[in-house]
Amino acid sequence: MNEAREEILRRLRSGLRVGLLPGAAAEHPVLAFATQEGGAERFTIELEKLSGRVIRAQTRQDARRTVVDLFAEYGWKQALVWERTLREHPGLTEALQQAGVSLLTSGEITTLSHAPVGITGAQAGLADSGTLVLQNLPGQPAPMSLLPEVHVALLSARDIYPNLQNYLDALDSPAGTVSASSNTVFITGPSRTADIELSLTVGVHGPGKLVVILWDSE
Amino acid sequence: MLREPRESHEKRPAQKVSLFVTCLIDTLFPQAGQAVVDVLEHLGVQVSVPKGQTCCGQPAFNAGYWEQARIMARNTIDVFDGSADPIVIASGSCAAMLKHQYPALFQDDAGYGPRARALATRVCEFTEYLVDRLEVTDLGCAYRQSVVYHPSCHTLRGMGIDRQPRALLAAVRGLEIIPQEAPQTCCGFGGVFSIKMPEISGEMLANRIAAFEATGADLVVGCDISCLMHIEGGLRKKGSRMRTMHIAQLLAKGLQ
Amino acid sequence: MDTHEASLRERVTTALANKRQLVNIQVATDRFFSGRLNALETLPHADAMRDLARAIRAHTISRLDEYLLQFEQAFTALGGVVHWARDAEEARQIVLRIAQDAGVSRIAKSKSMVTEEIALNAALEASGLQVVETDLGEYIAQLSGDRPSHLLAPVLHLSRQDVGRIFAEKLHVPYTDDISELTAIARRNLREVFLAANMGITGCNFAVAETGTICLVTNEGNGRMVTSLPRVHVVIMGMERIVPTVKDLGVMLQLLPRSGTGQKMCSYTSLVTGPRRRGDPYAPQEMHVVIVDNGRSKALAGDLAEILYCIRCSACLNACPVYRTIGGHAYGGVYSGPVGSVISPVLGGLAAFPDLPHASTLCGACKDACPVHIDLPTLLLRLRRDTVQEGLSPAWTAAGMKGYAWVTRRYGRYRLLTALAGAVSRLARGRWLTWLPGPLGGWTRYRAFPPFAPETFQKRNRGGRHE
């Protein structure tokens, strides 16, 4: 293995001495891009174009009530949920349990795989594409947004950035943020495919339904 | 009867150009070459045709025979030596060959390198010469036909020429220019490709002819006789009454 | 070498005979092509973004050794293992060894061109491991023993009835040709595969050197499944798939989905940064990255190195009039379209693919479409030059070219030949010919050939406007 590594590096170094690489500058190229417009309204439009559902709520409490209403609407009796989301939305646990919903914050994957809905937060939203940013960390595991047929995400409008470029620019350290988790995912709408006859089908391996509850202020 | 062109050409100092005929025009469609000369002379340009032109070498170059291409290129460079006049070429692909590929072919050649680079600076495609150098778009032509314009790939992408031929056509009185679906799709000629990969070439041509016929136009007009030869060959084989015409021929006819 | 040309033409003839498939290809490529244009219009500063992306790729490739080492350091610090594979065989052996050492038996795979390039599946299956492709199109292709025909739409060539038959036969389910039902069947079956798999194998759209991150872009969610659920995750990475920083990745991600399918972002973009950490819920315990050379370092050493800038978006396929006419299977090999016509001979040797560089009219549509402005026509011309230099050009072309150069070297010879040609055409009464002999018959099968003029232009103007 080491032999292969040395051989490859040797080939690279000798090749680079003679290779024709048009447009290659010695300096790492960097360009600053202007901050664009785009917040909750744009986010909503873009996600709805992708068959996502966005429900606006005014306050965090309204958001909690919306979750409960959603469960009543769909009749779900079991849900996967981020511990972090339960902490960040006081009263949610009680409200759902009162409605007869059993909540799972952890467990065997095969068990988790049977739940019809997963409730998570999101650390950011990207307006120009209707994208959610989630990271796999203790208290906010990845399977909750992946295994069920429905994914419900609670997002604060304050955490919405115009686009990916502006989001990365706003971070103190993009490398630090990405490195904080073994798995960062950008979710843009429900799972989809057009592999059969180019006909769009929503809901393949990931959730077929994505509902974002977007609340504006405290 | 000659119509008086709108712009006055008497005040302009006499322009002189050298004409690179191109082997296809020379051997198969000399009438197109004549049309180029007629149009230029009508605009008060003095046209010289240096002796001994053969081929720019593009078919060999495109087929990977770069040594053979250099042989033909050296002849072309020799023929056009001894002048600083613009070299007008009524073919986007041949113009691209002289302008872009000659310097590359002789990059490391101490003798032909500088000469190829000097030659490249003189090259000007026919419609580019009329519109951008002479600053003429309205020659005072009239020609009652319906046409569809075919932007040959080397003219469009190789030389960046599209605005110029369209402007010239737009100024022809009585000419109906019919728009078409996805006009910038290749006709399938590609030089040696047309006989190396005839099945693909034939299919691409059939698709393009279908698009032309859907416009109902009488004529396909273009700036590259190689594409036009290809297209007309397909039209004739099919028994279509549609024909092709080089833009120089259309303009020359319109001047009569 | 003539047999290769025959086999490309055989594949082309087969492709052209399948009218239904041709229509599918045209519909798909039209949709992706206009999708790309629309999506780029929604990207502020799209042109500047593309120029920047090219600059990033060029700079990265020019320092590929440094950035690969930086990636290795970052990834190893996270507890991941980096392996280096000089060629396909070495890469296959590495994966087999990882599987053996980890005691895995059931593998779930997410779509990856480089794993097809190294023919990984066959090797895994030969040693008794079960491998299931989990992208719907790849899953269908695997079940039917077929080959993908487009980078982004692998079973473009199949109808839903075809898929219904394949599922009925291979999955023992009742026949249906309803697309939602077929998708639901695949979801159910593959969910079991995801839950049971003990190893996930993926490719890598991009790797980020500064953080040791692997980026995977999918629409279905299978990429997330195979990188979260199995206990071992193996990434096969073509060694040019690297970018220096997270912000560089951001630039690429703004262009990749837009250029390929016309989406602003694919449904799932996963940034996997190392294996499970302490306290991490649900992540692989082991993560390996296999860095694959397989001819890339050789490409670096010449004037074809620019092909390594490619980000595998497939914009060139969707723009190419040849691809749109013949589809992906006709190219043979793993990669098709303009990029395939360059990368297949570059990685696999021209002797294996002497005809591919010639399957193009050099129209330049690919270069226009490429998000990083790769000059594909020039690369194809250089490969054609190499075809001739390596003696891979057919005898009749060589003879024709040498003859042509001989004639055009001196005006006297040229004048004589053209006069003869003019005379012959006069005998044919100036008609367009509908038959030509030998290889030239390829022309007349589809077109008439014009008559030579009785007098050339230069002869007519003799004594006229000369210097």
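**Domains and contacts of chain C**

In this predicted model, the centres of domain 2 of chain C and domain 3 of chain C, taken over C-alpha atoms, are separated by 55 Å. These two belong to a division of chain C into three parts, in which domain 1 is made up of residues 1-42 + 316-393, domain 2 covers residues 64-294, and domain 3 covers residues 395-460.

Chain C touches chain A through a contact to which chain C contributes 82 residues and chain A contributes 66 residues. On the side of chain C that touches chain A, the element that gives the most is helix 3 of chain C (residues 46-62), from which 9 residues are drawn. When the residues on this side of chain C are sorted by character, 38 are nonpolar, 25 are polar and 19 are charged.

Chains A and C are also joined through their strands, since strand 9 of chain A (residues 183-187) and strand 9 of chain C (residues 268-272) run antiparallel and are linked by 5 bridges. Within this pairing, A:Val185 has C:Ser270, in strand 9 of chain C, as its bridge partner.

Chain C is in contact with chain B as well, and here 56 residues of chain C meet 54 residues of chain B. On the side of chain B that touches chain C, helix 11 of chain B (residues 198-215) supplies the largest share, which amounts to 8 residues. The residues on this side of chain B comprise 26 that are nonpolar, 20 that are polar and 8 that are charged.

Notes:
Residues are numbered from 1 along each chain as its sequence is written. Chains are lettered from A and ligands numbered from 1 in the order in which they are written. This is a predicted model: local features need pLDDT of at least 70, side-chain atom pairs count only at pLDDT 80 or more; totals for chains, interfaces and linings use all residues. Two residues are in contact if their C-beta atoms, placed from the backbone, lie within 7 Å. Helices (H or I, at least four residues) and strands (E, at least two) are DSSP runs, numbered from the N terminus. Ala, Val, Leu, Ile, Met, Phe, Trp, Tyr, Cys and Pro count as nonpolar, Asp, Glu, Lys and Arg as charged, and the others, Gly among them, as polar. Two strands pair if DSSP finds at least two bridges between them. Domain bounds come from an automatic or database domain assignment.
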